[in-house]
Amino acid sequence: MTFQLQPLPYSNDALEPHIDAKTMEIHHDKHHAAYTNNLNNAIAGTEWENKTIEEILADVSKISPAVRNNAGGFYNHNLFWEVMAPNAGGKPTGDLMDAIDSELGGWDKFKETFSAAATTRFGSGWAWLMVGADKKLVVNSTPNQDNALMDVAEVKGTPILGIDVWEHAYYLNYQNRRPDYIGAFYNVINWNVVSEKFKAATK
Ligand code: MN
């Protein structure tokens, strides 16, 4: 299979002022494109060529560091674009909010924990809200382009929300102020999509 870079589901400037158009353009058209191309090159002519991205991630330790980085980068950015939207933000409702209340100590505590995970991830990586193997919500972070679907993950599960904390995700607008970028991210979270992912992962 050749993996395809899908266009952003909104215009480059749709998330302004929280995430600027130039950052979105470079992030998608250059960084995400590179992960996609590098993944395709790394699996070309191998037995992994006909696998799904989930199958590749689940066996990534058997493949190569290049596939770990680029399959992760391909998957993680697809999720990232999907869980953001213009005119979004606010709080989730329904079953997801109930689970945040009962499993993560409520909305304020969730925000505090998620922001801390994103702020304290040293260097490059991602912070996540995910559904663990026991179907409970987990907040954590991973280095580089790793995620919870990988066999190498310390905590396995299904990511339902992720924030990219690589400098390329915020440096043009926020420079070294990663906490300001993290604070702004809450204004663009598409909780409808996150809730759908929660529903699918907890079935
Ligand atoms: Mn990125």
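**A guided tour from pocket to core**

Begin by selecting Arg68, Arg121, Asn140, Ser141, Thr142, Pro143, Asp146, Asn147, Val152, Ala153, Glu154 and Val155, the residues that line the largest pocket. The coordinates belong to a predicted model. With the lining displayed, the pocket can be assigned a volume of about 190 Å³. Colouring the lining by class gives four nonpolar, four polar and four charged residues. Next, highlight strand E2, residues 137-143; this strand gives the most to the lining, with four residues.

**The manganese site**

Proceed to the manganese ion and display the side chains around it. Coordination is provided by NE2 of His27, NE2 of His77, OD of Asp164 and NE2 of His168, at 1.9 to 2.1 Å. Along the sequence, these donor residues follow the spacing H-x49-H-x86-D-x3-H. Now select His77 and His168 together: His77 belongs to helix H3 (residues 65-82), while His168 sits in the loop between strand E3 (157-164) and helix H6 (171-174), so the pair ties together parts that are 91 residues apart in sequence. Both His77 and His168 are buried.

**Ile63, ahead of helix H3**

Select Ile63 next, in the loop between helix H2 (53-58) and H3. Is Ile63 buried or partly exposed? Its relative accessible area is 22%, and buried requires under 20%, so Ile63 is partly exposed. Beyond its neighbours within four places in sequence, Ile63 is in contact with Trp48 and Ile56. A distance drawn from Ile63 to Ala153, C-alpha to C-alpha, spans 15 Å, and the two residues are 90 apart in sequence. Ala153 also appears in the lining of the largest pocket.

**The nonpolar cores**

For the last stop, turn to the largest nonpolar core, which has 47 residues. Select Met84, Phe110, Leu137, Leu161 and Ile163, the members with the most contacts inside this core. Which helices and strands each supply at least two residues of the core? They are H3, helix H4 (94-104), helix H5 (107-120), strand E1 (125-132), E2, E3, helix H7 (178-185) and helix H8 (191-201). Centre the view on Met84 and show its surroundings: leaving out residues up to four places away in sequence, Met84 touches Tyr10, Leu15, Ile19, Met24, Phe185, Val188 and Asn190. Finally, select Ile53, Val67, Tyr75 and Met150, which are among the 13 residues of a second, separate core. In soluble globular proteins, nonpolar side chains tend to be buried together.

Terms used: Residues are numbered from 1 along each chain as its sequence is written. This is a predicted model: local features need pLDDT of at least 70, side-chain atom pairs count only at pLDDT 80 or more; totals for chains, interfaces and linings use all residues. Side-chain values use heavy atoms; hydrogens and water are left out. On a 1 Å grid over the protein atoms alone, a cavity is a set of points where a 1.4 Å probe fits but cannot get out, and a pocket is an open set with protein on both sides within 12 Å along at least five of seven lines; lining residues have an atom within 4 Å of a point. Grid points are joined across faces, edges and corners, and a volume is the space filled by probe spheres set on the points. Ala, Val, Leu, Ile, Met, Phe, Trp, Tyr, Cys and Pro count as nonpolar, Asp, Glu, Lys and Arg as charged, and the others, Gly among them, as polar. Donors are N, O and S atoms within 2.8 Å of the metal (3.2 Å for Na, K and Ca); water is not among the atoms, so sites may look incomplete. Buried means under 20% relative accessible area, exposed over 50%, partly exposed in between (1.4 Å probe, protein chains only). Contact means heavy atoms within 4.5 Å. A nonpolar core is a set of buried Ala, Val, Leu, Ile, Met, Phe, Trp, Tyr and Cys residues joined through side-chain atoms within 4.5 Å.
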